[in-house]
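Open the model in your viewer and keep the selection panel at hand. The tour goes from one residue outward to the whole chain.

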Amino acid sequence: MGFSLGYSLILGKFPLEKSEKIWLDGKFVPWHEANVHILTHTLHYGFGVFEGIRCYQTKKKKSTIFRLQEHVDRLFNSATVLGIEIPYSNREIFDTILSVVRENKLEECYIRPIVFLGDNKMGLNPNGVDVRVAIAAWPWGAYLGDDGLNKGIRVRISSFTRHHVNITMTKAKACGYYINSILAKAEAVQDGYDEAILLDPQGYVSEGSGENIFLLSKGRLKTPALSCSNLEGITRDSVLQICRHLNIGVEEGYLTRDELYIADEVFLTGTAAEITPVREIDNRTIGNGKKGETTALIQRMFFDIARSNQAKFENWLTEV
């Protein structure tokens, strides 16, 4: 019962606001008709890949998708890692994502492409199972809440460890891998926290349940290297490029949990989480317990870019 309660807390906090249509296997269908058979392979075994993408409305009231090409490329790279051949070209998926946003008349939204295996064959061998593709989009606000973006969140170090790089290949954004994240997230919420941070199998800081992590210590910004069982986040890469633009040095390497405790600032990055400051970890206050100056600067720059207020980064935006 305890785990079920924690999981319901997660789901209850973010009610889904439905849109009109979902693109499924080459055609638009009404939201409530985008169904799959109970024997769908990916439902049973978790063998599939997906992306999370955001569309923002700019100051000129235009809708633009943030780093769309990079997300589509990662979707195909994830499929390659798992050995799945997507039955559409990179360009077809790119164009269809734009069509999904247009079809649903969405100004701002979260976009979820997923590549999954169908129901024509069961068993662990995926050979010969139909490869299917769906793309949905719906309005979705701040994943960790507006208060989280402004005031920071409370986080705990999870008792669950991030995947070893040779057990599940961590550079793929794969469906089944997120059981690990769900366990960590549910545990954190049950214990009264907003989010979890997972360590890698060697005990170094890896990432959040769905975010990368940065810390500021003695004027230096640091983030775990991509060898720490973490996903190569597109928002993470955006922060690295923003920091270069702002002349903020960033070190990529191995971080320990106690480095987080004594950091001046900590923040999480991700498509859903965007740039979310952390004010507390394991009941230890980070810095002054508020959003730090460097975090605020990077966060402000990120949202300026996403809303087309920074000409230098206009190539990150694809107009719908």
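Select Arg156 and show its surroundings. In this predicted model, Arg156 touches Glu187, Ala188, Asp191, Tyr193, Glu195, Ala196, Ile197 and Asp282, leaving aside residues up to four places away in sequence. Now pick out Asp191 from that group. Its side chain and that of Arg156 are joined by a polar contact of 2.5 Å. Step back to the backbone: Arg156 lies in strand E8, residues 153–161. Is Arg156 buried or exposed? Arg156 is buried, because its relative accessible area is 16% and the cut-off for buried is under 20%.

Next, select helix H4, residues 90–103. Put a distance between its end C-alpha atoms: they are 20 Å apart. That agrees with the 20 Å that 14 residues should span at 1.5 Å a residue. Color the buried positions of H4: Ile93, Phe94, Thr96, Ile97, Leu98, Val100 and Val101. Look down the axis as you do so. In an α-helix there are 3.6 residues a turn, so residues three or four places apart point the same way. Then move just past the end of H4 and stop at Lys105, where phi is positive, about 55°.

Now select the cysteines. How many disulfides does a search of the whole structure find? The search finds zero. Go to Cys109, which is in no disulfide. The nearest cysteine sulfur to Cys109 belongs to Cys55, 4.4 Å away. A disulfide would need the two sulfur atoms within 2.5 Å. Cys109 counts as buried, because its relative accessibility is 1%.

Jump to Cys228. Which cysteine has the sulfur closest to that of Cys228? It is Cys243, and the gap of 18 Å is too far for a bond. Cys228 also counts as buried, at 0% relative accessibility.

Finally, zoom out and show the cartoon. The protein has nine helices and 17 strands. Its radius of gyration is 19 Å, close to the 20 Å that the globule rule gives for 320 residues, so the protein is as compact as a globular protein of that length. Turn it along its principal axes: the C-alpha trace spans about 55 × 45 × 35 Å. Of the 320 residues, 53% count as buried. Take the contacts between residues at least 6 apart in sequence: 71% of them join residues at least 24 apart. Switch on the surface to end. About 14700 Å² is exposed, and carbon and sulfur atoms supply 50% of it.

Terms used. Residues numbered from 1 in each chain as written. Predicted model: local features only at pLDDT ≥ 70, side-chain atom pairs only at ≥ 80, totals over all residues. Heavy atoms only, no water. Helix = DSSP H or I, 4+ residues; strand = E, 2+ residues; numbered from the N terminus. Expected span 1.5 Å × (residues − 1). Buried < 20%, exposed > 50% of the residue type's maximum accessible area, 1.4 Å probe, protein only. Polar contact = N/O pair within 3.5 Å; in protein donor to acceptor, adjacent residues only side chain to side chain. Contact = heavy atoms within 4.5 Å. Rg over C-alpha atoms; globule rule 2.2 N^0.38 Å. Areas by Shrake-Rupley, 256 points an atom, 1.4 Å probe, with all protein chains shown as cover.
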